[in-house]
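This report takes a short walk through selected parts of one protein chain, to be read beside the sequence and the coordinates.

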Amino acid sequence: MKRLLILLMAVMLVGCNSGSSSDYSEKQQKILEEHDRLDYANNDCEKKDSLKVMLDSDYNDNYIESYCALDIDKDDEGVNALLDAKLSDKEVQAYLDIDYVREKNIDRYLAYQKDNSDKKVKDVVLEVNLNLDEKPYEEISVIEGEDITMLVNKYNGLPEGYVPSDLVDINYTCTRGEDYSCADVDQQQLRKPAAEAYEEFVEAAKKEDLDIVAIASYRSYAYQDGLYSYNLNASGQEYADQYYARPGHSEHNSGLAVDITFNGYNFNEIENYDGYEWILENMHTYGFILRYPQDKEDITQYGYESWHLRYVGEELATYLYENDLTLDEYYATMK
Ligand SMILES: [Zn+2]
């Protein structure tokens with residue numbers, strides 16, 4: 001108790017000493033003194049906390065008036081880059097108010113905003129983070145690791161020849177040869193966690209008189225390569241890219257996607273039948289999302305696919321379902 005009291009008094013003393021002359025730490029004061037700004041900072045700076053953030057990170061003396069006028073948080077990125085671009089404080093603030101501004105994308109935001117002057121800053125940031133300012137397949141990031149939440153799209157591809165490490169056979173599949181849309185494979189497969197969730201989901205659906213089957217699930221890199229190359233040679237790149245994912249860019253290659261139908265309906269019409277609503281409303285509790293929804297074509301860069309489910313795990317699937325977000329948006333709005 002006594003020791004605590006002494007400690008407390010010591011803390012108070014130290015606090016008084018540094019606080020009496022200035023709001024700024026010794027290190028911060030030193031920078032301000034170097035630029036002959038200590039007086040300004042003490043007396044005329046409106047947003048001292050913002051100035052402190054910049055003094056601790058990337059202080060540029062040319063911008064001290066802006067720092068003192070803006071609300072800058074510790075995790076705001078690209079403040080100086082935005083000021084370098086000669087944006088007004090109000091315009092800079094609009095960027096800083098968005099949680100997912102990324103410093104590395106600042107130049108792209110500014111270029112995209114120039115070309116789309118009617119767009120709100122929020123949409124500019126979101127769309128650039130989604131890479132929509134770039135053509136599909138122009139700048140490709142190679143996916144590392146095997147996280148079940150991995151983002152596979154036209155900007156993020158699996159490594160050449162990727163084979164998931166935990167593929168297992170699945171039950172509840174279509175009968176090859178009987179159904180025209182059934183995958184032409186000996187045995188359909190998914191990655192283990194997706195396979196287990198899929199079977200649980202199908203069993204729950206049975207209680208609702210829905211007889212779900214998988215018509216396509218894991219597809220190999222080589223298969224997608226063959227499919228894409230065939231269409232590329234036969235009909236040209238524009239056609240091939242419109243209808244077929246390039247190798248490494250199909251979610252089916254991840255072993256986490258499954259195309260389904262139920263009760264014998266054509267897979268590409270299932271949204272019209274009773275029971276589909278149950279699927280839509282319940283699959284997230286088994287970890288699945290509808291990967292290419294109807295109203296998000298511009299974001300996913302894919303047409304509506306009522307049949308294509310993607311496993312991401314229950315937690316993320318529920319979050320995306322409840323917030324009406326695609327996987328692409330989730331990644332684009334991450335800090
Ligand atoms: Zn599919």
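## Helix α9 and its surroundings

In this predicted model, the buried residues of α9 are V121, V124, V125, L126, E127, V128 and N129. Because seven of the nine residues of this helix, which spans residues 121-129, are buried, α9 is largely enclosed by the rest of the structure. The threshold behind that statement is a relative accessible area under 20%.

The cover over the buried residues of α9 includes three other helices, namely α7 (89-96), α8 (106-115) and α16 (327-332). Just after α9, the backbone at N131 adopts a positive phi of about 75°.

## Q224 in helix α11

Q224 is located in helix α11, which runs over residues 221-235. With a relative accessible area of 3%, Q224 counts as buried, because the limit for that class is under 20%.

The side chain of Q224 reaches the backbone oxygen of A245, at 3.0 Å. When neighbours within four places in sequence are left aside, the residues in contact with Q224 are R219, A245, R246, P247 and S250, and A245 therefore appears both in this list and as the partner of the side-chain approach.

## Division into domains

The chain is divided into domain 1, covering residues 25-99, and domain 2, covering residues 143-332. The C-alpha centres of domain 1 and domain 2 are 47 Å apart.

How values were computed
Residues numbered from 1 in each chain as written. Predicted model: local features only at pLDDT ≥ 70, side-chain atom pairs only at ≥ 80, totals over all residues. Heavy atoms only, no water. Domains from an automatic or database assignment. Buried < 20%, exposed > 50% of the residue type's maximum accessible area, 1.4 Å probe, protein only. Helix = DSSP H or I, 4+ residues; strand = E, 2+ residues; numbered from the N terminus. Contact = heavy atoms within 4.5 Å. Polar contact = N/O pair within 3.5 Å; in protein donor to acceptor, adjacent residues only side chain to side chain.
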